[in-house]
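Here are my notes on the packing and the pockets. Please read them with the model open.

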Amino acid sequence: MPAWFDAFTDAIASGDQQYLVCETCGHGTLPPRQLCPACGSTELTQEPLSERGEILSFTEISVTIPKFHGETPYTVVLAELDEGVSLTGQLRDATPDDIAIGDKVVLGTEPHDNETALITFQQAED
Amino acid sequence: MGTKIASAASTTYGKHPNSSSRELLSEAAVKAFDETDISPGDLDAVYIGNFMGGLIEDQGHIGALMADHVGAREAASVRIESACVSGGATFCQAVQAVESGDADVVLAGGVEMMSTTDIEHVTDALANAADDVYENEQGLTFPGIYALMARRYMHEFDVMREDLAAVSVKNHRHAVDNPLAQFRKELSVREVVESKPVATPITLYDACPVSDGASVAIVVSDTFAADHGLETSAEVLGTGQSSDALALQDRAAISRTPAAERAAERAYENASVTADDIDVAEVHDCFTIAEILALEALSFYERGEGTRGAVEGETAADGHIPVNTSGGLIGKGHPVGATGIGQIVELTKQLEGRHPNQVSEAEVALAHNVGGSGASTTVTILGGE
Ligand SMILES: [Zn+2]
């Protein structure tokens with residue numbers, strides 16, 4: 001994985017995850033970017049990103065790519081975090097029957113195959 | 001300057017285990033040359049849409065390779081890659097080369113060999129269309145991305161699983177009569193819903209198959225056509241092209257396709273027509289949900305109404321807006337880089353009145369081709385001669 005993603009997931013693991021906010025238009029985005037995708041400004045600053053979000057959609061994957069061979073079925077969640085940016089990650093400690101669009105989830109990360117990091121989501125407790 | 005289609009042809013789409021990209025593309029080219037007075041030596045340029053040649057056949061530099069194999073070794077050549085809209089983008093580039101005055105005759109081709117490897121490796125190659133780090137490396141597959149869109153759409157508009165399946169049933173029915181199609185067998189809603197799970201709610205028969213095939217369209221300037229007394233097959237009325245964030249998570253919306261909306265708006269404006277003027281359309285139904293989103297992006301239906309097309313029979317070959325009379329990607333097959341040109345081939349036949357699922361009085365036709373899960377889209381509008 002590229003170094004920028006390792007830095008991004010390391011920050012999630014230590015609880016001080018960040019996202020990028022455009023000084024010009026306020027648009028929030030994920031690293032790494034030099035230009036705001038909404039307005040083209042180069043004035044992007046790092047701000048703290050909440051670990052809490054809401055499920056936008058999810059799917060249980062049965063046919064996968066070689067990297068995840070033997071791991072099916074597993075569930076991928078697309079969640080919008082409180083700041084309005086969305087992330088894709090794998091559901092942990094629940095099955096697709098336990099969740100619904102709109103449910104609250106908590107962002108996490110874990111190693112995969114002892115080399116790369118995965119984004120994960122767990123159901124929020126409250 | 002006006003642009004015409006001199007001729008257009010496809011190989012059969014399906015499994016061609018003993019063939020190769022160069023054989024398929026040149027077979028389609030020979031069929032296209034057979035139907036026009038243009039010869040390979042007339043080609044100023046050869047543009048080839050191809051997505052995964054480097055991944056499956058270990059072959060890059062496909063523009064020059066194919067120019068050589070269509071008898072135009074000295075023509076300008078380039079391979080154009082934009083995932084599943086490689087073909088549509090190739091056609092747009094060919095039209096622009098002619099409209100700019102830089103070229104008079106361009107061969108716009110597309111080719112893909114996919115069936116010679118196993119399903120996990122094809123799924124892996126297709127995943128190259130998505131954001132590798134934020135999507136693929138998280139375990140999200142290409143069908144999985146469309147599954148996220150489908151579930152969200154069903155949630156927002158209270159759509160039933162069976163409503164998605166109706167698209168597959170309709171397109172399989174159309175494919176039965178198309179001799180170029182991969183699947184020539186009818187399916188029921190129940191067979192679609194109960195087929196093998198891929199990525200919930202998407203099952204095997206919601207998805208297009210793995211296909212090999214090639215398509216070619218020979219594009220000419222109207223002055224060249226007039227000077228050489230060519231009988232042409234169709235006229236290019238307009239094209240539109242737009243992009244969006246590669247990753248679904250970065251898009252403004254996931255239950256609609258903004259790039260397709262923008263491409264359609266530009267194409268309609270460019271062609272000076274509206275959605276009401278379209279008599280027949282080929283749209284990018286890589287998954288059933290994709291056709292529903294296409295119908296809405298093209299303004300054939302209001303948001304949330306797109307399922308009506310297949311469920312009510314309105315998009316059937318005898319409906320009021322026939323869509324995918326070829327069988328679409330689901331029924332005809334989806335050799336990725338060929339698909340956008342294959343749509344042009346099918347629509348040209350409709351405009352000439354010789355399509356196996358002929359629509360009566362087809363005068364204006366539309367092709368909608370999508371790359372990845374919607375990060376790039378072309379819309380092309382053709383008129384009859
Ligand atoms: Zn901005």
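The points below take the nonpolar cores first, then the two pockets.

1. A caveat to begin with: this is a predicted model.

2. The largest nonpolar core holds 53 residues. Met52(B), Leu126(B), Tyr146(B), Phe287(B) and Ile289(B) touch the most other members. Both chains feed this core with two or more residues per element: strands S4 (52-61) and S5 (74-81) come from chain A, while chain B's contributors include helices H5 (119-126) and H7 (161-176). H6(B) gives the largest share, nine residues. Within chain B, domain 1 (3-118 + 210-234) and domain 2 (144-207 + 236-383) each supply at least three residues of this core.

3. Look at Met52(B). Beyond its neighbours within four places in sequence, Met52(B) is in contact with Met114(B), Ala125(B), Leu126(B) and Val336(B). The contacts of Met52(B) also take in Glu57(B), Arg79(B) and Glu112(B).

4. Another core, of 30 residues, lies apart from the largest one. Leu24(B), Val70(B), Met113(B) and Ala225(B) are among its members.

5. The largest pocket has a volume of about 540 Å³. Its lining counts 29 residues, with Gln249(B), Asp250(B), Arg251(B), Ala252(B) and Ala253(B) closest to the centre. Strand S2 (28-29) and S5 of chain A each supply at least two lining residues, as do H6 and helix H10 (258-271) of chain B. By class, the lining has twelve nonpolar, seven polar and ten charged residues.

6. The second largest pocket holds about 450 Å³ of space. Of its 21 lining residues, Ile119(B), Leu204(B), Ala207(B), Cys208(B) and Val210(B) are closest to the centre. H5(B) gives the most to this lining, four residues. The lining comprises 18 nonpolar, two polar and one charged residues.

How values were computed. Residues are numbered from 1 along each chain as its sequence is written. Chains are lettered from A and ligands numbered from 1 in the order in which they are written. This is a predicted model: local features need pLDDT of at least 70, side-chain atom pairs count only at pLDDT 80 or more; totals for chains, interfaces and linings use all residues. Side-chain values use heavy atoms; hydrogens and water are left out. A nonpolar core is a set of buried Ala, Val, Leu, Ile, Met, Phe, Trp, Tyr and Cys residues joined through side-chain atoms within 4.5 Å. Buried means under 20% relative accessible area, exposed over 50%, partly exposed in between (1.4 Å probe, protein chains only). Domain bounds come from an automatic or database domain assignment. Contact means heavy atoms within 4.5 Å. On a 1 Å grid over the protein atoms alone, a cavity is a set of points where a 1.4 Å probe fits but cannot get out, and a pocket is an open set with protein on both sides within 12 Å along at least five of seven lines; lining residues have an atom within 4 Å of a point. Grid points are joined across faces, edges and corners, and a volume is the space filled by probe spheres set on the points. Ala, Val, Leu, Ile, Met, Phe, Trp, Tyr, Cys and Pro count as nonpolar, Asp, Glu, Lys and Arg as charged, and the others, Gly among them, as polar.
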